[in-house]
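Reader: I've got a structure open on my screen and I'd like to talk it through. Could you take my questions one at a time?

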Amino acid sequence: MAKWRIYTPEGVQDILPNECFHKKNLESKIRNVFRSYGYYEVETPMVEFYDVFSLESEIAPQETMFKFFDKEGRILVLRPDITIPIARLVATKYKDADYPIKLSYIGDTFKYNELGGGKQKEFTQAGMEIVGINSHEADAEIIAAAIDCVKSSGLENFQIDIGQVEFFKGLMEEANLSNEEIEQMRVLIDKKDFLGIEELVKNHDINEDLKELIFSLPKLFGSIDVIDKVEKYALNNRCIAALENLRKVLEILDDYGLSKYVSVDLGMVQSLNYYTGTIFRGFTYGVGFPILSGGRYDRLVEKFGEGKPATGFSLGINMIMMALDRQKITTEEPMIDSLICYGQKGRKNAFKICETLRKQGLVVEMDITGYEIEQIKNYARIKGIGGILNVLDDENIEVHNLENDEVKKVSVTEMLNNR
Amino acid sequence: MRYLTIALSKGRLTELSVELFEAIGIDCSELKSSSRKLILKDEKNKIKFFLAKPSDVPTYVEYGAADIGIVGRDTLLEEGRHLYEVLNLGFAACKMVVAGPTDLIGKLDQLNNKRVATKYPKIAREYFEHKRGESIEVIKLNGSVELAPLVGLSEVIVDLVESGRTLKENGLVVLDEIADISARMVVNRVSMKMESERINRIIDGVRKELEKR
């Protein structure tokens, strides 16, 4: 019966102090970026009704969700994503707001992911959302903020690819393909499967220019020149508007001084039913998956009430941690400055000294074993503690410096005043 | 400079892939010597190679453990990995088909219970369920799939066919073609962005080499 007692289920894990320290530090760096942009954090429940996600089968496929039932037999899920709950939150709690709502979140999400490459079934996502406005400035701000978040983590070598799903939708409108064929085409372009694209285009009566353009889509990534190249073709209004938006967003990001992180990818075409404008993804060395992704999703909020345009991004905390590790980027390590132990007569002073040092911002461990000093030294060495204060009595302290093995005597008054 | 890592499929694709890479100036001599090393290097071009079981190649590439992979399209279809399929290398060409006894010709949809023996459960399911809208029972086998209908284990099979000789000798026929199969070059999605210059040079080189043939 207790066969599984000592195991954790596949895809979830304990996080030990060192890693946990790094993770929480990373989260707080990202949280600081959120706050500095004025996007305060919200929390949505870990558990939601299945119905919240059921319409978004591309973002949250039914088979990837952890499901269970409530007392009334309704289907509950562990949230696979936080953007969709935020859309619900905004549509219901900010119903009458006629100004942009800016929110952020950091929280755990759950998916039956295949494991490996940094993927777990329980994973932490952090993200920002702007709901209630569709502007080039909003699209650019969310990308700028995403870049700042990645920079704050310590990563320097990364790239944000920006695409525009409306451009693809415009092309498909012109090509007059059925919805099913459009989805087929999307998958082929997303896979850069040139052969498949050729095959699909071949069987349709599409004008040669458009054929050529569709066929080149998977190759249309790189600098802003990509847009110039495409603009030479005769395009419909939908495509022109999409390119115009992309150009504006890139101009604004240039004014932010972020051009070096940004490149264009017109062949990036994910989730056509969900995304409605600018989309983007972040890449770095050492992880095979994007570290962040986002974009404009103007048709989501309306599923929970009155429609509002929106854009946002989410960033995988675990992916960033893996990238930092793979790129050998070191950040602050957890450390303990000193360990205090005491003789029978020194206890009261020991607590006083401990309190003083902690107030000064030092990390101080109190000895709770009552062991002999040699044993305590061993413990301190294992934990990498720099020094031990042995408070002998009312007046005398032995300071053991473990780095050079020196022992000094100081008085309690000296210790309290010198610091 | 960072190493680019290439995963090659162990087996009949290995030699053909090596030939192709040598033709574009990548040094595969370490690969050709019968060493027991698992990872082999071309120091000049900063390229690492390793050989993996074909069905594992897409996994290595998806997770970024390899930047580039050479693998058959059958494996790609079966594994359904998230990667870029950038080149059709043309070699190792064959077809993925549904085959069965001659009396099933044109009567495939009349069969009530379809038991399908195959090494490719996902491809079989995808074909029957999505393309034909029929439910099937998949029987996963690891080899000599042609045997299954002969001994009554299944009604039909889904398998790769090159010349069709094995089928013919066992009284089986192709009932429908599912897909054309050949070797493909695949690239990890992130590598394609982060190392686009070096990877594109390899892709272009290989493409030119293939055009010459």
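Reader: Which residues have the most contacts inside the largest nonpolar core?

Author: Bear in mind that this is a predicted model. The largest nonpolar core has 91 residues. Those with the most contacts inside it are A:Ile143, A:Ala146, A:Ile291, A:Leu315 and A:Ile320.

Reader: And which helix gives the largest share of this core?

Author: Look at residues 136-153 of chain A, which make up one helix. Ten residues of the core come from there, the largest share. The helix you're after is H4 of chain A.

Reader: Leaving aside neighbours within four places in sequence, what is A:Ile320 in contact with?

Author: A:Ile320 is among the core residues with the most contacts, and so are A:Ile291 and A:Leu315. Both of those turn up again as partners of A:Ile320 once neighbours within four places in sequence are left aside. The full list is A:Ile291, A:Leu315, A:Leu26, A:Ser153 and A:Leu155.

Reader: How many residues are in the second core?

Author: This core is separate from the big one, and B:Leu4, B:Leu20, B:Ile70 and B:Val86 are included in it. Its count is 36 residues.

Reader: Now the contact between the chains: which element gives the largest share of chain B's side?

Author: The contact takes 14 residues from chain A and eleven residues from chain B. On the chain B side, two elements give two or more residues each: strand S5 (84-88) and helix H8 (189-194). The largest share, four residues, comes from S5(B).

Reader: How many residues on that side of chain B are nonpolar, polar and charged?

Author: Here we're dividing up the chain B residues that touch chain A. Three are charged and three are polar, while the nonpolar ones number five.

Reader: How far apart are the C-alpha centres of the domains of chain A?

Author: The domain assignment gives chain A domain 1 (17-326) and domain 2 (338-418). Between their C-alpha centres lie 53 Å.

Reader: In the five-stranded sheet of chain A, which are the edge strands?

Author: The sheet is open, its pairing is mixed, and the order is S14-S13-S15-S16-S17. An edge strand pairs on one side only, and that picks out S14 (364-366) and S17 (406-411) of chain A.

Reader: What is the bridge partner of A:Leu339 in S14(A)?

Author: Strand S13 (residues 338-342) of chain A runs parallel to S14(A), and three bridges join them. Go across from A:Leu339 and the partner in S14(A) is A:Glu365.

Reader: Which strands does helix H13 touch?

Author: Start with helix H12 (residues 347-359) of chain A, which lies across S13, S14 and S15 and runs at about 165° to S13(A). Helix H13 (residues 373-383) of chain A also packs on the sheet, with a direction about 150° from that of S15(A). The strands H13 touches are S13, S15 and S16 of chain A.

Reader: What is the phi of A:Gly73 in the hairpin turn?

Author: S3 (residues 67-69) and S4(A) run antiparallel with three bridges between them, and A:Phe69 has A:Ile75 as its bridge partner. The two strands form a hairpin with five residues between them. In that turn, A:Gly73 has a positive phi of about 85°.

Reader: A:Lys192 and B:Lys46 each caught my eye. Is A:Lys192 buried or exposed?

Author: A:Lys192 sits in the loop between helix H6 (179-190) and helix H7 (194-202) of chain A, and its phi is near 55°, positive though the residue isn't glycine. It has 22 other C-beta atoms within 10 Å. The cut-off for that class is 20 or more, so A:Lys192 is buried.

Reader: And B:Lys46, buried or exposed?

Author: B:Lys46 also has a positive phi near 55° without being glycine, and its place is the loop between strand S2 (39-42) and strand S3 (47-52) of chain B. It has 12 C-beta neighbours inside 10 Å. A count of 12 or fewer puts a residue in this class, so B:Lys46 is exposed.

Reader: Last one: in S8(B), which residue stands opposite B:Thr118?

Author: Chain B has an open five-stranded sheet in the order S8-S7-S9-S6-S10. Its strand S7 (residues 115-118) pairs with S8(B) in the parallel sense over four bridges. Opposite B:Thr118 stands B:Lys140.

Terms used: Residues numbered from 1 in each chain as written. Chains lettered and ligands numbered in written order. Predicted model: local features only at pLDDT ≥ 70, side-chain atom pairs only at ≥ 80, totals over all residues. Pairing = 2+ DSSP bridges. Contact = placed C-beta atoms within 7 Å. Axes fitted to C-alpha atoms, helices over the stretch in contact; angles between N-to-C directions. Core = buried A, V, L, I, M, F, W, Y, C linked by C-beta atoms within 7 Å. Nonpolar A, V, L, I, M, F, W, Y, C, P; charged D, E, K, R; others polar. Domains from an automatic or database assignment.
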